[in-house]
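Work through the exercises below with the sequence and the coordinates side by side. Each task is followed by a solution in steps.

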Amino acid sequence: MVMCIGILNPPISVLSSLDGLQLRVEQLSHRTVVGVACAVLVGQFALQHRGTYRVAFIFPPVVLVWLLSIAGIGVYNVIHWNPRIYRAFSPHYIYLYFQQTGKEGWLSLGNVFLAITGTEVMFADLGNFTAASLRVAFICFVYPCLVLQYLGQAAFISKNFSAVPASFYASIPGKLT
C-alpha cells in the first residue's frame with residue numbers, strides 16, 4: 001500500500017487540476033487515471049499474500065531508475081536553462097531571499113523540507129530496511145538526486161515562469177517524452 005501511495009499520489013494530484021500527464025497525453029481522462037489506479041491497487045492486493053519481503057525486490061530497481069532519471073533531468077535543466085542556480089547554496093542569497101520574502105519565504109522553505117522528508121518517510125514505511133541503511137541511502141543517494149531535480153526545476157522555472165503549474169513535467173526535455 002505504501003508503494004501505491006508513492007506511485008499514485010503524484011499523478012493523481014497533478015491530474016486533478018488537469019495538468020501534468022495530460023501535457024503529453026491529450027486524451028487521458030480522469031476515468032482512465034482512476035482505472036489505472038484501481039488496477040495497481042488490485043495488483044498490490046493480489047501480491048500481498050506473498051508478503052512484502054517477496055514483493056519488495058521490485059521496488060529498489062524501480063526507485064533507482066526513477067531517482068537517476070530525475071537527477072539526470074535536473075542536471076540537464078541546470079546546464080541548459082540556468083547554470084547560475086548553484087548560487088542558491090550561498091548563505092548570502094538565502095539571507096537576501098528571506099529579507100525580500102519575509103514570512104512567505106519561511107513557509108516556502110517549510111514546503112521544501114516537507115517534500116524531502118516525505119520521501120524518506122515513504123522508504124521508512126516499507127519496513128524492510130534498517131534505520132541505518134535508510135539513513136545512508138537517503139543521505140548518499142536519495143537526497144542528492146532530489147536536490148539535483150529541484151535545482152533543475154528551479155533553473156527551468158527561472159526561464160519559463162509560465163510553466164509553474166506543471167513545472168516538473170514541462171521541464172522534461174522533449175527528446176525524453
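**Exercise 1. A helix contact**

Which residues in helix 4 meet which residues in helix 7?

Solution. The model is a predicted one. Step 1: on the helix 4 side, the contact is made by L64, L67, L68, I70, A71, I73, G74, V75, N77, V78 and W81. Step 2: the partners in helix 7 are F141, V142, C145, L146, L148, Q149, L151, G152, A155, F156 and K159. Step 3: sorted by class, the contact of helix 4 with helix 7 has 17 nonpolar, four polar and one charged residues.

**Exercise 2. Packing geometry**

Give the angle, the axis distance and the handedness for helix 4 and helix 7.

Solution. Step 1: helix 4 spans residues 59-81, and helix 7 spans residues 131-159. Step 2: the two pack at an angle of about 35°, and their axes are 7 Å apart. Step 3: the crossing of helix 4 and helix 7 is left-handed.

**Exercise 3. Annotated spans**

Which residues does the UniProt annotation "transmembrane region" cover? Add the secondary structure and end-to-end distance for residues 59-79 and for residues 132-151.

Solution. Step 1: according to the unreviewed UniProt entry, the annotation covers residues 28-47, 59-79 and 132-151. Step 2: residues 59-79 are 100% helix and 0% strand, with 30 Å between the end C-alpha atoms. Step 3: residues 132-151 are likewise 100% helix and 0% strand, and here the end C-alpha atoms lie 27 Å apart.

**Exercise 4. Aromatic pairs**

How many aromatic pairs does the structure hold? Describe the pair of W66 and F168 and the pair of W81 and F156.

Solution. Step 1: there are five aromatic pairs in the structure. Step 2: W66 and F168 form a tilted pair, 5.9 Å centre to centre with 45° between the planes. Step 3: W66 belongs to helix 4 and F168 to helix 8 (residues 167-170), so this pair ties together parts that are 102 residues apart in sequence. Step 4: W66 has a relative accessible area of 47% and is therefore partly exposed; F168, at 23%, is also partly exposed. Step 5: W81 and F156 form an edge-to-face pair, with 5.4 Å centre to centre and 85° between the planes. Step 6: because W81 lies in helix 4 and F156 in helix 7, the pair links parts 75 residues apart in sequence. Step 7: W81 is partly exposed at 28% relative accessibility, whereas F156 is buried at 7%. Step 8: W66 and F168 also belong to one aromatic cluster with Y169.

**Exercise 5. Two polar side chains**

Is N77 buried or exposed, and is Q153 buried or exposed? List the contacts of N77 and of Q153.

Solution. Step 1: N77 is in helix 4. Buried means under 20% relative accessible area, and N77, at 0%, is therefore buried. Step 2: leaving out residues up to four places away in sequence, N77 touches N82, G152, A155, F156 and S171. Step 3: N77 and Y150 are 73 residues apart in sequence, and their C-alpha atoms are 9.9 Å apart in space. Step 4: Q153 lies in helix 7 and, with a relative accessible area of 14%, is buried. Step 5: apart from neighbours within four places in sequence, Q153 is in contact with S167, F168 and S171.

Note on methods:
Residues numbered from 1 in each chain as written. Predicted model: local features only at pLDDT ≥ 70, side-chain atom pairs only at ≥ 80, totals over all residues. Heavy atoms only, no water. UniProt positions renumbered as here; feature names shortened; annotations may be inferred. Helix = DSSP H or I, 4+ residues; strand = E, 2+ residues; numbered from the N terminus. Axes fitted to C-alpha atoms, helices over the stretch in contact; angles between N-to-C directions. Left-handed = near helix turned anticlockwise from the far one by under 90°. Contact = heavy atoms within 4.5 Å. Nonpolar A, V, L, I, M, F, W, Y, C, P; charged D, E, K, R; others polar. Phe/Tyr/Trp six-rings, centres within 6.5 Å; stacked < 30°, edge-to-face > 60°. Buried < 20%, exposed > 50% of the residue type's maximum accessible area, 1.4 Å probe, protein only.
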